[in-house]
Number of protein chains: 2
Amino acid sequence: MQGLMQDWPLTLDRVINHAKAWHPNVEVVSRSVEGPIVRTTYGQIHGRARQLSNALLALGVKPGDRVATMAWNTARHLECWYGIMGIGAICHTLNPRLFAEQLTYIVNHAEDSIIFTDLSFCENLANLAPTMPTVKKFVVLTDEAGMKGVTLPNAVSYESLIAGQSTDVTWGDFDENTAAGLCYTSGTTGNPKGVLYSHRSNFIHSLVGISPGMLSLSDKDVVLPIVPLFHANAWGLAFNCPAVGAKMVMPGPKLDGASVYELMETEGVTFSAGVPTVWQMLLQHMDTTKSKFSTLKTMVVGGSALPEAILRGFRDRYGVEVISAWGMTETSPLATTARLTPAQLKLPYDEQVPYRLKAGRPPVGVELKVVDDNGNTLPNDGKSVGVLMVKGAYVLRRYFRAEDKEILDSEGFFDTGDVATLDADGFVTITDRSKDVIKSGGEWISSIEIENIAAGHEKALMACVIGAPHPKWDERPLLLVKLKEGQTATRDEFLAHLDGKIAKWWMPDDVLFVDDIPLGATGKLDKKVIRLAYKDYKLPTA
Amino acid sequence: MQGLMQDWPLTLDRVINHAKAWHPNVEVVSRSVEGPIVRTTYGQIHGRARQLSNALLALGVKPGDRVATMAWNTARHLECWYGIMGIGAICHTLNPRLFAEQLTYIVNHAEDSIIFTDLSFCENLANLAPTMPTVKKFVVLTDEAGMKGVTLPNAVSYESLIAGQSTDVTWGDFDENTAAGLCYTSGTTGNPKGVLYSHRSNFIHSLVGISPGMLSLSDKDVVLPIVPLFHANAWGLAFNCPAVGAKMVMPGPKLDGASVYELMETEGVTFSAGVPTVWQMLLQHMDTTKSKFSTLKTMVVGGSALPEAILRGFRDRYGVEVISAWGMTETSPLATTARLTPAQLKLPYDEQVPYRLKAGRPPVGVELKVVDDNGNTLPNDGKSVGVLMVKGAYVLRRYFRAEDKEILDSEGFFDTGDVATLDADGFVTITDRSKDVIKSGGEWISSIEIENIAAGHEKALMACVIGAPHPKWDERPLLLVKLKEGQTATRDEFLAHLDGKIAKWWMPDDVLFVDDIPLGATGKLDKKVIRLAYKDYKLPTA
């Protein structure tokens, strides 16, 4: 028997409609790409997004069409999201930091028909335009004056595009499973893969995200999303803030410590979210200028593991609570946050730190398990290391245009590619990427753990651990070290440094001193390239 | 185009599964009907609810069957909810405070096959059993020893019913729109009407309910639901608490001030929710015994308007934040909470009070409007008085077994039957019930406002205002006053008391002193009866 409640599809137009209805004068403040601070409100954003919808309809955009954005965090970018999604088109966020070939691949794979972009990216896009035949139009997020000097073909300014358009348009009124957003993961292997979010998945992600156990947002918050709108839904903030009526402060292109700090202070920011590198810059700025925060309370860190120096630096010196979060493009992304249990909160702070540095634990709506090589579920004992698998209302089912390829296990879980432990409270500790883990005699060795310790040696500039082939153990750890300028060292010096800090059977079978260690586009060790270079390396133990 | 996210139906088994997975040792503490305090955990509740599911399946319960509970708030009652709903049967909560004829009507209308009940209600149900032919079995929420003296026919103890049952059962695995719960409204006109909640509506209601703008719940909270499980979903707490891993403290049958206070102190309660009468008893207890709260922070008040004495009493003398909330059985029920805006919070407390006493404002997921007699939407100006209409993911569409009767307006809104204003921030101020409002020359006069002022006259024990027929104005206010013992008064005394406190055209056309004013079952003025008695009354102005 079916319930008799209303059919009220969870479509995202209802989010900005809510903000328009009850928080119309709440501000969205942007540091514009042109330079000045620009102030608008949810009421105005709502109206302009509706004008944009009419402009898109006039351009022939149909439900399901992919309309791309390659832009910084500004109010205009937010208008694009709601204007595109409201009419059932798909907002495809492009990461401007990608290499040209990746951008071309992604735009062609998605068959984007229009790209909204910032002045910052016009030159680059002018070069790429010939490689993107599906793109019929570029819209530059500026006004007519801003277009001076723009050489991008088929380009129009955003302001002239929406000028004169009516705010009267039909939004929503479609199935909540309709696609809303598209974001490609820049996987380290193969071509980028597209994650196609639905209105429903983003709406549920937003409801979960605002809860006290996750981001904990209300209209008392002033939110500065450092995390870009082109990075996995901006962790949901573009929906969460209008959903609760929180003021937004958009940093535009300036993410240096001084610029971020200035916005935080002038706009009364209480909450911010971003990757560790940005927080590192901000922390340095604070320390150097001996500044204080007047309003900032909470900072969420994701994208890569939270470094202890950031956690402690912001907490000890500036009184800001730093929350570690984990997720991926495929999980919308918020899968876990490291908010402590009541029992953990009673511990002395030093004993809380290990939990605060973990990936965190899941909210209702996200299921987790760790499995062994055969897919068997391992105990949640905080010790058993396995592949982290995730399932839930906002986890992907298939990749875009790879709908024929099953990627879930028999229980419907998605393989995150992370190797992790899960404890009894649900805390995830990520120990490695599954392709980087070293499989020695059926047991797993964390490459990351060894290289982090090795990199702490006073002579080391950089360290990398990979599995090298071994006839008896399948793989054994090989440590590569790039020394600091002018240093020399021996194999035994590094093994002695590791001794006692890792299990005996984790000790690398060899140490090589190298001139360089290849890095990928995001500054991380490019282990795919490194493994390839050493695939035939003969360990002395082999 | 459809998104490519997982099909993860929002079914309520996932809520208790989440608690079992990551909060298995969080306690649910009950003051049992038998007397002693009983401690259990979400892990145990999960297992026992699954045993109950198997027992129900063995009794032949099928998906869609109505299985009723008539019970206090205890862990066993919670097990019933999840055990019944998990297998797709419908948990029908019966209000033991209803009159016998209403209970009989409701049970027969729902065709309940089993009733789970407490020892407290066995005698009453034994009398009613012959009038409830669909009920094949009664299950008493006690153990074998507790059954001594129970004369209810076809009764078995809960503990012997589930004893020996396996915890292995299939839960969920059905459409999220499947009916989960059934609750009848005891309308003042006509027969009670059933609201049939779905798994989806309750799940979304729960996600919205835990958000900081509504109840704001996390695993840091210890929640004491005074509001009964049989009263509109216990305002969602039976789902919210396991969803976030909050400890629950169940008060059983003892709702007097001393008992509630004792539980709050011994169990470290931080959050509670209930109707004003219970809070009045608690406040009296606190004042009389000069007690203090050690842990209580937040108290949510709903069911009827929040009296200022409760708001101020708990805040000024005991440091507890009292939050007014509004909703109805038809809205699951949480439609609004009176959490203030950032601007309002900056006001001196005395100026905050009027907002804190309002019904509150809606979260994302709930749409509100006020309409005039012709269904035209009125401005949200805090002044325009109209009928309050509501729409949303957890608002009903049709009543149970009245599926052929359209009850929504052309925009899909449900008529709450309340007369209210809406301000620009979404704050609802309920001024009357729509059937009680006085329609004078096309304008509306709030009967409640006048009678509240009249009741404040030193000689008045009780006051009631109804619309009496008038040839020119359609209706004009008629004030009925029951004086305190031994008092006498004149019409002019009462009109003088009202003068200056209400608009001139609101002044009653007549004042009658009466020996008694009829009250309904819930202690409120029975205006239906009163209106009937004065339907032919000739006003002096007529």
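**Exercise 1. Symmetry of the two copies**

Task: Determine which residue of chain B comes closest to the rotation axis, and how chain B and chain A are related.

Solution. In this predicted model, the residue of chain B that comes closest to the rotation axis is Ser211(B), whose C-alpha lies at 2.3 Å. The next step is the operation itself: chain B is superposed on chain A by a rotation of 180° with a shift of 0.0 Å along the axis, and the RMSD is 0.2 Å. The two copies are therefore related as by a two-fold rotation axis. The surfaces that meet are then compared. Of the interface residues of chain B, 100% are also interface residues in chain A, so the copies meet through the same surface.

**Exercise 2. Extent of the interface**

Task: State how many residues the contact takes from chain B and from chain A, and what area is buried between them.

Solution. Chain B gives 79 residues to the contact and chain A gives 79 residues. The area buried between the two chains is about 5,600 Å². Carbon and sulfur atoms give 60% of that area. In chain B, the residues that lose the most area to chain A are Leu4(B), Met5(B) and Trp22(B), which together account for 17% of what that side buries.

**Exercise 3. Polar and charged pairs, and the elements involved**

Task: Find how many salt bridges cross the interface of chain B and chain A, and which elements of chain B give two or more residues to the side that touches chain A.

Solution. The rule finds 6 salt bridges across the interface of chain B and chain A. Glu176(B) forms a salt bridge with Arg200(A). Applying the cut-off of 4 Å, the closest N and O atoms of Glu176(B) and Arg200(A) are 2.7 Å apart. The interface also holds 31 residue pairs in polar contact, both residues being at pLDDT 80 or more.

On the side of chain B that touches chain A, the elements that give two or more residues are these:

- the helices 1 (13-22), 7 (199-209) and 12 (342-345) of chain B;
- the strands 9 (193-198), 16 (366-371), 17 (386-392) and 18 (414-422) of chain B.

Helix 7 of chain B supplies the largest share, 6 residues. By residue class, this side of chain B divides into 41 nonpolar, 21 polar and 17 charged residues.

**Exercise 4. Three individual residues**

Task: Decide whether Glu267(A) is buried or exposed, and do likewise for Tyr197(A) and Thr421(B).

Solution. The cut-off for a buried residue is under 20% relative accessible area.

Glu267(A) is located in helix 9 (residues 257-267) of chain A. Its relative accessibility is 9%, so Glu267(A) counts as buried. The side chain of Glu267(A) makes a polar contact with the side chain of Arg39(A) at 2.8 Å. Beyond residues up to four places away in sequence, Glu267(A) touches Val29(A), Arg39(A), Val222(A), Lys247(A) and Val249(A).

Tyr197(A) belongs to strand 9 (residues 193-198) of chain A. With a relative accessible area of 1%, Tyr197(A) is buried. The side chain of Tyr197(A) reaches the backbone oxygen of Thr329(A) at 2.7 Å. Leu78(A) is 119 residues from Tyr197(A) along the chain, and their C-alpha atoms are separated by 17 Å.

Thr421(B) lies in strand 18 of chain B. Its relative accessibility of 7% makes Thr421(B) count as buried. Leaving aside neighbours within four places in sequence, the contacts of Thr421(B) include Val370(B), Gly382(B), Lys383(B), Ser384(B) and Phe427(B).

Conventions. Residues are numbered from 1 along each chain as its sequence is written. Chains are lettered from A and ligands numbered from 1 in the order in which they are written. This is a predicted model: local features need pLDDT of at least 70, side-chain atom pairs count only at pLDDT 80 or more; totals for chains, interfaces and linings use all residues. Side-chain values use heavy atoms; hydrogens and water are left out. Contact means heavy atoms within 4.5 Å. Buried area is the accessible area (1.4 Å probe) that two parts lose on being put together, summed over both. A salt bridge is a side-chain nitrogen of Lys or Arg within 4 Å of a carboxyl oxygen of Asp or Glu. A polar contact is a pair of N or O atoms within 3.5 Å; within protein, one must be able to donate a hydrogen and the other to accept it, and residues adjacent in sequence count only if both atoms are side-chain atoms. Helices (H or I, at least four residues) and strands (E, at least two) are DSSP runs, numbered from the N terminus. Ala, Val, Leu, Ile, Met, Phe, Trp, Tyr, Cys and Pro count as nonpolar, Asp, Glu, Lys and Arg as charged, and the others, Gly among them, as polar. Copies are superposed by least squares on the C-alpha atoms of residues with pLDDT of at least 70 in both. Buried means under 20% relative accessible area, exposed over 50%, partly exposed in between (1.4 Å probe, protein chains only).
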